[in-house]
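This report describes the enclosed and open spaces of one protein model, together with the residues around them. Please look at the sequence and the structure before reading on.

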Amino acid sequence: MADKNDAWPENAKGKFYVDRTCIACDACCIAAPENFKMNEDDGHAFLAKQPGSGPEEDQCREAMEGCPVEAIGLDGE
Ligand code: F3S
């Protein structure tokens, strides 16, 4: 389970976040490309933009469910 206290600082402020257990598998960036981006230099994903309502929110939830290490959380600030 993701830990908001261990979230990457560059996550956009809001409910979804990526924490430091991300292994850069890229699945979230494929599932929700408008919201999750990869920090290529540091080798991890982050929430570049919180989803609006509708399809983006669904894609972000899909990304969270698909993350193999459960690095995506939905209980952020
Ligand atoms: Fe990382 Fe999980 Fe995305 S491992 S790249 S947060 S799907």
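In this predicted model, the lining of the largest pocket divides by class into 5 nonpolar, 3 polar and 3 charged residues. The residues that line this pocket are Lys4, Ala7, Trp8, Asn11, Ala12, Lys13, Gly14, Phe16, Tyr17, Gly76 and Glu77, and the volume of the pocket comes to about 150 Å³.

Enclosed space was also searched for, and across the whole structure 1 cavity of 30 Å³ or more was found. The largest cavity holds about 80 Å³ of space, and its lining is made up of 15 residues, with Cys22, Cys25, Asp26, Cys28 and Cys67 lying nearest its centre. By class, this lining comprises 14 nonpolar residues and 1 charged residue, with no polar residues.

What sits in the largest cavity? The ligand does, and there are 13 residues around the ligand, of which Cys22, Ile23, Asp26, Cys28 and Cys67 come nearest. The shell around the ligand consists of 12 nonpolar residues and 1 charged residue, while polar residues are absent from it.

The class counts are set side by side below.

| Residue set | Nonpolar | Polar | Charged |
|---|---|---|---|
| Lining of the largest pocket | 5 residues | 3 residues | 3 residues |
| Lining of the largest cavity | 14 residues | no residues | 1 residue |
| Shell around the ligand | 12 residues | no residues | 1 residue |

Cys22, Asp26, Cys28 and Cys67 are thus named twice, being among the residues nearest the centre of the largest cavity and among those that come nearest to the ligand.

Terms used: Residues numbered from 1 in each chain as written. Predicted model: local features only at pLDDT ≥ 70, side-chain atom pairs only at ≥ 80, totals over all residues. Heavy atoms only, no water. 1 Å grid on protein atoms, 1.4 Å probe; cavity = no way out; pocket = protein on both sides within 12 Å on 5 of 7 lines; lining within 4 Å. Points joined across faces, edges and corners; volume = space filled by probe spheres on them. Nonpolar A, V, L, I, M, F, W, Y, C, P; charged D, E, K, R; others polar. Near = heavy atom within 4 Å. Sits in = over half its atoms within 2 Å of the grid points.
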